[in-house]
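Okay, thanks for coming, everyone. I'll put the structure up and walk you through a few spots in it.

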Amino acid sequence: MSEPIRNKKLDSITAPYVFFSPNSCQLTSTRTKTANAVMETTDVQFSITRTPQNTPANAAPISSRAQQPGVTSIKEEDMNQAAASLFAQNPALVSMMQAKLGSLVGRSSGYIESLPASVRRRVAGLKGIQKEHSKLEAEFQEEVLQLEKKFFAKFTPLYEKRAKIVNGGAEPSEEEVKAGEQVDEDHEHNEASAEEKNEDAGENVKGIPEFWLSAMKNQISLAEMITDRDEGALKHLTDIRMQYLDRPGFKLIFGFADNDYFTNKTITKTYFYQEENGYGGDFIYDHAEGDKIDWKSGKDLTVKIESKKQRNKNTKQTRVVKKTVPTESFFNFFSPPKPPADEDEATSDIEERLELDYQLGEDIKEKLIPRAIDWFTGEALQFESLEDFDEGEFEDEDDEEEDDLSDDRDEEDESDEGDDGTKPKQEAAECKQS
């Protein structure tokens, strides 16, 4: 009778096994055997069968005390770095996870459905009460808006007087000057010595030059948008004002004097809200629209001209090709990003740009216009919250100095090492003494 065909691969696989003494039933030894081997003892015979659970890829005796890595053996920093690297290399994975998590938002866990009918009825009643609460919240937001408009009408004469003083059309009254000087006296850090004050009468100076440009450059969110090229045009800003719309929304109006960049006397940007209120009765931002800027020839600050030389392969003649490409500019503010027509087309980049654009409009409406003089002098900066800045971008100067000293010590230590990389014995002895 012929022998059955043996699987040579199985013969090469070994598995650990243990055997016990028949009398004491205690572990007496461990060893490795072939997977289908048979072990014999004096009284008992054990048959070892290979299974996926007890057959490792390599034979390893139990006495090696090998252990699987535990949670405590993995550093949190290493895990964070590994996760960041994984997501950075797999953007598709990130999108898939975001889509999956998004689909889970608002999905019922089944708990409500599992409640008795009487309890579910009470839950439905609470939802009805909440609906009435939402109606009151919407009424509250509407009344707040009407109150804002009421007081905005009272602010408007003050803004008009401010614009006249800034542009040299009027002078402040003695009472207004004294009130302003009293404010300076109340703030000791704004006091200046006689030597620091400019006593020039300034008869040739009209109004307050570059008032709005200086105020905008002190406002953090706006300053990041203003380039050196923009300043030439923004110096001609005469006023920034705001108007409420008949529907929920507002319009920002930038007034300009004659300049070499564009012919517009005013450039506006309008922010529209959705017709329906959001959760909590708040108005929901919908989109923004900006005026078209009539740039003079060659003065468009939102583009730049790139020149590139090209050589003809046959004639070897060269020519210069000029290409117009978009560039960073504050005036891109008047060409706001458009929200996607379909929610499925929305990306994090578009949503981030829309949020930034709306926040800039709110900063101009709520911060810059009401307190322009405080932004011009820089006093408003002390009330600005720095929570949005990453603390990792800043470090204490003392720590930096300590790092420099540490680097210097390391360099000194390296220079004192011998040719073989070891330090002299004499220095080691001195260290022990100290």
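Let's start with one residue, Arg353, which you'll find in helix H10, the helix running over residues 348-368. Keep in mind that what you're looking at is a predicted model. Is Arg353 buried, exposed or somewhere in between? Its relative accessible area is 44%, so Arg353 counts as partly exposed. Now look across to Pro337: the two are 16 residues apart in sequence, and their C-alpha atoms sit 6.9 Å apart in space.

Let me zoom out for a second. The chain has 13 helices and 10 strands. There are 434 residues, and 20% of them count as buried. The accessible surface comes to about 33500 Å², with 50% of that belonging to carbon and sulfur atoms. As for contacts, take the ones between residues at least 6 apart in sequence: 52% of those join residues at least 24 apart.

Okay, the inside. In soluble globular proteins, nonpolar side chains tend to be buried together. Here, the largest nonpolar core has 40 residues, and those with the most contacts inside it are Phe254, Phe330, Phe331 and Phe333. Which element gives the largest share of this core? That's helix H7, residues 211-218, with 5 residues.

Let's stay on Phe333 for a moment. What does Phe333 touch, once we leave aside its neighbours within four places in sequence? The list is Met225, Leu252, Phe254, Lys269, Tyr271, Asp357, Leu360, Gly361 and Ile364.

Back to H7. The buried residues there are Phe211, Trp212, Leu213, Ala215 and Met216. And what covers them? The cover includes H5, helix H8 (220-223), helix H9 (228-234), strand E5 (237-244), H10 and H11. So H10, where we found Arg353, is part of the cover over H7 as well.

Just ahead of that helix there's a backbone oddity. Most residues other than glycine have a negative phi. Glu210, though, has a phi near 55°, a positive value in a residue that isn't glycine. Glu210 is in the loop between H6 and H7, and at 36% relative accessibility it counts as partly exposed.

Next, the pocket. Rolling a probe the size of a water molecule over the atoms shows where empty space is left. The largest pocket holds about 1300 Å³ of space. It has 25 lining residues, and the closest to its centre are Pro172, Glu176, Val177, Gly180 and Ile373. Which elements give two or more residues to that lining? They are helix H5 (117-166), helix H6 (174-186) and helix H11 (372-377). By type, the lining divides into 13 nonpolar, 3 polar and 9 charged residues.

While we're on H5, find Arg120, which lies in that helix. Its relative accessible area is 36%, so Arg120 is partly exposed. Not counting residues up to four places away in sequence, Arg120 touches Ile112, Glu113 and Leu115.

Last stop, over to the strands. Ile284 is in the loop between strand E7 (266-273) and strand E8 (285-290). It's an isoleucine, but is it buried, exposed or partly exposed? At 33% relative accessibility, Ile284 counts as partly exposed. Its C-alpha is separated by 5.4 Å from that of Tyr273, 11 residues away along the chain. Tyr273 is also one of its contacts, again leaving aside neighbours within four places in sequence; the others are Gln274, Glu276, Asn277 and Gly278.

That's my tour. Happy to spin the model around if anyone wants another look.

Methods: Residues numbered from 1 in each chain as written. Predicted model: local features only at pLDDT ≥ 70, side-chain atom pairs only at ≥ 80, totals over all residues. Heavy atoms only, no water. Helix = DSSP H or I, 4+ residues; strand = E, 2+ residues; numbered from the N terminus. Buried < 20%, exposed > 50% of the residue type's maximum accessible area, 1.4 Å probe, protein only. Contact = heavy atoms within 4.5 Å. Areas by Shrake-Rupley, 256 points an atom, 1.4 Å probe, with all protein chains shown as cover. 1 Å grid on protein atoms, 1.4 Å probe; cavity = no way out; pocket = protein on both sides within 12 Å on 5 of 7 lines; lining within 4 Å. Points joined across faces, edges and corners; volume = space filled by probe spheres on them. Nonpolar A, V, L, I, M, F, W, Y, C, P; charged D, E, K, R; others polar. Core = buried A, V, L, I, M, F, W, Y, C linked by side-chain atoms within 4.5 Å.
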